[in-house]
Amino acid sequence: MIRFFVLTGLIGGLAVAYLTTAGVGPITQLPPPKSLLTDFREKGYVPESASLEEDEAAEELHVFEVPDEDAIYLAEAEAAFEAMMGSMDMSSMDMGTADGATMDMADGSTMDMSTTEGATMDMADGSTMDMSTTEGATMDMTDGSTMDMSTTEGATMDMAEGSTMDMSTTEGATMDMAEGSTMDMSTTEGATMDMAEGSTMDMSTTDGAAMDMGEGSTMEMGEGGLLVTEDGDFDREIVLIMTEWEFSDMQIDVKMGERIKFTVKNGGQIPHEFMFMSPPLMQAVNYRTTRADWSLFEHEALFEKPLVLPDGEFSFVLQVQQPGSWMFMCMLPYHMQMGMMGQMATEGMAMDM
Amino acid sequence: MSDAIKNHGPGMLAHWTPENIVGETSIGDILFSNDYRKIALKGIFTAFIMLALGGFFALAFRSELTVPGVQFLGAKVYMTLMTLHGMVMVFGFLIPLVVSILYFMLPKVMGTEKLYWSGLAQLSYWTLIVAAVLLVIGRPDFTWTAYAPMSFRTGNPYLWMGHVAIILVAISEFLAGAVLFRNGISGNFKWGELPLMGWAATTVGLLFMISVLPLGFAGYGLLSDGLHWAQTAFFDPSRGGSIERFLYIFWSYGHPAVYLPFVPAIAVIYTIMPRLLGHKMWSYWSGVVAFILLALGAMPIGPHHFQPVHTISGGYERFVQILTMLVFIPSVLHVFNWISTLFMAPIPASARRAIPFKFMVMSIAFIIYGGATAFLNAQIAPDSDFIHNTYWIPAHFHAMFVGFTAQMAIAGFYYLYPYFTGRMFNQAMGNWHFWLWQIGLFLKITGMGVAGYIYFPRWVYDYLDMPGWMEAQIVITIGGYMVGAGFLIFIFNVAWSARWGKTAAADPWPLEMDDPAAQTAQPAE
């Protein structure tokens, strides 16, 4: 009897061992079944006018809401993010130190740099530039702000016809156009600086530094220092392949102001998604993952592409507007833990991972 | 039969005349005899084949997981092996093994000398064999919990075989439950004198018959949804089904599924512990009450297996948590009863030597280990931190399933061995098996617990090189290989001793005290 069972076990075991290892077929995913609604429509039960598109309102359901106990943590993470951004030394947005650095502002864009008093933008060593928020390519300099464009020669700031530079609101705003010099437009309300076509404004930082603003143009700042558009001009192109469980490029070095066209392909076997996140938000994400909570703030991401099926591909153009680092990842459960997380950073800002 | 055995109550009755059943049974008898001991032995040895298969699956993916980076198993093979490991170990090894041991012991313990409804037991066995064959051919990769809709979207064209296998398992377990219940209530006992194994068979038989109904329905729903038998679906959300419906239905069986092997294993303790110690259990009624409470508590607490689902929240979540905590009471009643029994009188030298006694004591140690982690699992706060979906849960259920249930079943098997072979197993090999298993299981379970505590996720075939993760996996793998080595020694011992072992005495488990004067002394009660 024991011999019978040992023999049966050995033979059966070999068969099972083959079937469950070498005999296992390729990874497959059956096609999703036809939904009941689609089926009803084909049978004429559903009026043509009824939409079968994904219901955006579903996103508003409470399941996507931040639970009360997490709202506190999220608020802290966001406050930390604000604090970090507020205190960020803008001098690293230095348009003065490198030869030929340009900041090109396309039509219709806005440059919104600050909503608080005293925020500064260093154009060169020791200089500050404060540009508060207004539409129509205006530049308001708030109380006590200074714009010092003084240290080197040859930088130009072209303001096209119709643009205004309003430095008018309060006393004390200064604009140094050259070493030691001051351009004070503050004494009268509504004073504007109208620079006609072809005129140059010497920002005196470095040879060839220029700030061109097209007619009526503004500069748009994206969330978290990244401006993402569907397409447009770009300086270089990066092709990212997603596979299980990595990106073809896990560490992307970028330069301030660079415009990059990303083409992201899913070269893997299963669906993935793609998003960019700021480091502070990643702390909140990390907190959630440790609780095995899969609502990972993906809708708060700086960029989000929810579902990329195998062989799927999409592209976008991204402009780096601030120095910093950003994480990109697939947020499907455990994909990050399995390795699908990379970093994009400006020089010196990369974090150890 | 010595007087000590006869005179100490119903628990002492598990004594047969040693005879060589395994050596004198023809293949036709093995396959189709309705003799209770042959049905039981067939079930036991088939369960060991299942253990070998499940162990092979485990060691294969254990080797893959030892260090991060994909070595030789891809995702598909890994998930297939892990699914089959779970299904084969629970449905093929644990439940059939303990049920078969009960088939063997019940007729003697109940004094009926025959297994009522043995035809149903035969049918139950063959139904399970068909289910196992279907599982191996169908090769499902949706984990043993078969969560919808994954369980009908991935896999291969034979996926329906997995769903049919689930239905067949339900049928097989229903029949086994009916047999246990029928034999549990038979015999010439008043309820107050029914042996504790009888109480166990009665309560768990009922639990079997009730709890497999949702399992059968879950299997039918998956089959129907997967093959599009109906316009609407039970579980497929794209066709009007509900995933949460699946969760509630499946775990109505899924939690009792833990008790189905668990309660018979407890019954085996209540039977061989007094036999080997030579005196009664510390308390009869505490055991009875605990059996009834376990059976009552099993089904309603299923939802604690999927607490993060949003319908398990608020008052209902607390309700399930409190019910879960209440199940501690019967479990602890059992454990205290055993510990108290061990301390009632000096443990005989014969018991300390006996391999089944050693396995029994260590299985009690592992149920305490698993029970301590269970206390944490029942808490909702850590549940959503390091418990749910991490290796913590495998640590808990391996302590309960392997550390307690499987080891107790092995103890029962060692106890019965001389009765069906007529020979004693080799003591040295038995000791090797014992120590390899204790150390191996402890390493494995503790490694899993540590891995879970540092958030190692379940159901991954590869992982990042995070601090501590690889170390934990190495410990688990070493433990797994030790258990595998112990199993090989065990099987060799079983096969070798059946032919060349020492001939068993008329009473293979005679009482022998350190102090001969105490031999006849009655323990304090």
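Two residues are taken to be in contact when their C-beta atoms, placed from the backbone, lie within 7 Å. The exercises below apply this and related criteria to a predicted model.

**Exercise 1. The contact between the chains**

Determine how many residues each chain gives to the contact, and then describe the side of chain B by its elements and by the character of its residues.

Solution. The first step is the count for each chain, which gives 45 residues from chain B and 32 residues from chain A. The second step is to find the elements of chain B that give two or more residues to the side touching chain A, and these are α2 (27-32), α3 (36-65), α4 (75-109), α15 (380-387) and α18 (469-500). Of these, α3(B) provides the largest share, with eight residues. The last step sorts the residues on this side of chain B by character, and the division is 25 nonpolar, 13 polar and seven charged.

**Exercise 2. Positive phi outside glycine**

For Glu113(B) and Asn389(B), state the value of phi, locate each residue, and decide how exposed each one is.

Solution. Starting with Glu113(B), phi is positive at about 60 degrees although the residue is not a glycine, and its place is in the loop between α4 and α5 of chain B. Glu113(B) counts as exposed because it has 9 C-beta neighbours inside 10 Å, where the limit for an exposed residue is 12 or fewer. Turning to Asn389(B), which is likewise a residue other than glycine, phi is positive and near 70 degrees; this residue lies in the loop between α15 and α16 (392-421) of chain B. Asn389(B) has 19 C-beta neighbours inside 10 Å and therefore counts as partly exposed, since a buried residue needs 20 or more.

**Exercise 3. Cis peptide bonds**

Locate the cis peptide bonds that join Glu244(A) to Trp245(A) and Ala148(B) to Pro149(B), and give omega for each.

Solution. In chain A, the cis bond between Glu244(A) and Trp245(A) has an omega of about 0 degrees, and Trp245(A) belongs to the loop between β9 (236-243) and β10 (246-247). In chain B, the cis bond between Ala148(B) and Pro149(B) has an omega of about -5 degrees, with Pro149(B) found in the loop between α5 (118-138) and α6 (159-184).

**Exercise 4. The surroundings of Met344(B)**

Place Met344(B) in its element, classify its exposure, and compare its separation from Trp282(B) in sequence and in space.

Solution. Met344(B) is part of helix α12 (residues 328-344) of chain B. Because 16 C-beta neighbours lie inside 10 Å, Met344(B) counts as partly exposed. Finally, Met344(B) and Trp282(B) are 62 residues apart in sequence, while their C-alpha atoms are 7.2 Å apart in space.

Note on methods
Residues are numbered from 1 along each chain as its sequence is written. Chains are lettered from A and ligands numbered from 1 in the order in which they are written. This is a predicted model: local features need pLDDT of at least 70, side-chain atom pairs count only at pLDDT 80 or more; totals for chains, interfaces and linings use all residues. Helices (H or I, at least four residues) and strands (E, at least two) are DSSP runs, numbered from the N terminus. Ala, Val, Leu, Ile, Met, Phe, Trp, Tyr, Cys and Pro count as nonpolar, Asp, Glu, Lys and Arg as charged, and the others, Gly among them, as polar.
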